[in-house]
Amino acid sequence: MKKFSRIAIANRGEVAVRIIKACEELGIETVLLHSEADIQSRAYRMATKTICIGPAPTAESYLNIQANIDGALAGGAQAVHPGFGFLSENADFAEAVNKAGLTFIGPSPESIRSLGDKVHCKELAKQAGLPLVPGYQGENQDVAHLIKEAEKIGYPVIVKAAAGGGGRGMKLIKASAEARELIESAQREAQSAFGSPKVFLEKYLDRAKHIEFQVFGDSTGHVVHFYDRECSVQRRHQKIIEEATSPSLTDDLRRRMGEAACAIATLGKYKGAGTVEFLLQDGEFYLLEVNTRLQVEHPVTEEVLGVDLVKMQILTAQGDYVHDPKQVRATRGHSIECRIYAENPFMGGVPSTGLLGHVEWPEGPGRRYEYGFDEGDTITPFYDPMIAKVIVWDETRSRAIQKMIRVLKDSVVFGVHTNIPYLIEILSHKEFVNGTMTTRFIETYFSEALKEPELSEVEKQIAAQAVLQLKGSGKSEVGTATSPFASYWRGV
Ligand code: ADP
């Protein structure tokens with residue numbers, strides 16, 4: 001058994017804060033490996049030590065394997081926590097960390113390769129007898145061959161980058177006339193975004209729910225699951241609202257999907273926290289992919305089970321966590337998470353950057369806030385626009401929805417626009433309230449930008465005063481919008 005005295009964090013924002021808190025509770029020091037752009041952030045202020053590993057562009061800092069390893073070694077860490085996004089699912093990084101004599105807090109490089117690669121994972125799933133979305137994952141990447149396979153599957157068909165992730169690198173082919181053009185452009189984009197032109201095809205399920213299982217492999221290699229989450233509320237294949245447990249599963253489905261999740265994670269010799277994602281349609285479930293890392297939405301599982309997944313990850317990496325079914329039992333109540341994005345909901349979600357003014361997260365029972373920035377920090381255009389997560393817990397799903405709406409209405413974020421008004425609309429929608437939403441919920445009901453509400457005179461005065469105060473501080477521009485099409489990662 002090892003005992004870490006200092007852990008390096010190869011990440012930023014709210015997840016870096018989350019990891020620092022878990023380390024603090026375990027009596028472990030931290031070294032934050034950050035870019036030049038992240039000096040104004042909570043994680044920077046909270047870490048025991050900070051090391052700048054490069055300039056703002058991710059390729060030169062957060063995605064630079066050698067810079068992260070050098071930083072972790074220079075910072076005197078024994079282990080590296082990769083968080084989510086960035087290098088967290090990069091087997092080469094895990095391998096380089098281990099080779100440098102450090103411990104990678106996550107699964108082995110072999111597990112990442114076999115489960116994290118979408119095509120390998122499907123091969124493994126076939127061996128385990130798991131249901132897959134009908135499709136083609138073969139080596140033959142000739143466009144004429146792919147078109148033939150797409151015809152066999154039957155339109156609509158999704159073409160996906162084999163090395164893709166975060167909801168990017170996917171195209172929907174609705175009819176054979178557009179197949180060639182879309183496959184060719186998917187191959188080109190896959191090459192430029194993910195470094196490999198390889199694509200695969202899947203039948204498009206047009207009324208599916210996204211259901212995922214939190215799996216966990218303890219220090220002895222024993223794999224269990226910590227129940228399910230539903231993440232059907234998505235925009236452009238990226239999650240916005242997640243909940244635990246899913247309102248859509250019967251006991252029998254939950255049992256069968258949980259068994260399937262454990263079967264594939266066991267085959268992949270999984271260690272630590274991972275997620276097995278499924279699509280559920282007409283009572284049938286299909287494996288989508290395995291995410292070999294902590295998930296953005298892990299807090300909802302923590303809330304309904306009363307566990308700390310990040311601490312469990314660290315203890316497992318130390319060889320110190322053995323699952324005890326008496327400690328982690330049935331779920332209790334319901335938990336919902338909303339991702340707060342710095343974007344303008346009244347302008348179709350264009351990212352909003354600038355100096356953060358007054359920020360207030362209203363305290364109360366069953367409310368939890370995960371955020372990376374405080375008043376006076378600057379939201380830059382370099383990274384994912386998710387600036388915070390609001391998580392609530394209550395006895396029932398309907399009470400959790402009610403609580404979330406109240407909490408969002410009482411939350412205050414000045415300086416940048418956020419998607420809070422949009423989230424409130426979604427949470428109040430009949431289909432969400434009934435729990436019948438599919439992954440097409442947002443495109444069906446919320447394809448248009450929200451209408452900006454008329455502010456009352458008092459509200460206008462408060463807003464004007466806040467802006468004046470910010471400008472008076474002379475720190476930076478207030479709420480500068482940038483291109484909505486910049487390529488951000490999202491740790492989906
Ligand atoms: P990524 O790794 O980029 O997140 P996933 O394969 O996990 O990609 O899919 C992300 C989302 O895209 C899913 O949750 C679902 O909404 C949608 N999606 C993916 N594959 C299909 C499919 N075959 N049919 C319908 N929707 C799909």
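Four bridges connect strand β11 (residues 223-235) with strand β12, and the two strands run antiparallel. In this predicted model, the hairpin formed by β11 and β12 has two residues between its strands, and R236 adopts a positive phi near 50 degrees there. β12 also pairs with β15, again in the antiparallel sense and over four bridges. The residue pairs named for these two pairings are set out below.

| Residue | Residue opposite or bridge partner |
|---|---|
| E230 | E243 in β12 |
| E242 | E337 in β15 |

Turning from pairing to burial, β12 is mostly covered, with seven of its seven residues buried. In soluble globular proteins, nonpolar side chains tend to be buried together. The largest nonpolar core here holds 39 residues, and the members that touch the most others are V233, I241, I340, W361, L408 and L427. At least two residues of this core come from each of the strands β12 (238-244), β15 (334-341), β19 (367-371) and β21 (386-394), and likewise from each of the helices α12 (397-410), α13 (420-428) and α15 (441-445).

Which residues does L408 contact, once its neighbours within four places in sequence are set aside? They are C338, I340, V390, I420, L423, I424 and L427, and among these contacts I340 and L427 are themselves, like L408, listed with the core members that touch the most others.

A second core, separate from the largest one, comprises 34 residues, including V224, A273, I314 and M386.

Terms used:
Residues numbered from 1 in each chain as written. Predicted model: local features only at pLDDT ≥ 70, side-chain atom pairs only at ≥ 80, totals over all residues. Heavy atoms only, no water. Core = buried A, V, L, I, M, F, W, Y, C linked by side-chain atoms within 4.5 Å. Buried < 20%, exposed > 50% of the residue type's maximum accessible area, 1.4 Å probe, protein only. Contact = heavy atoms within 4.5 Å. Pairing = 2+ DSSP bridges.
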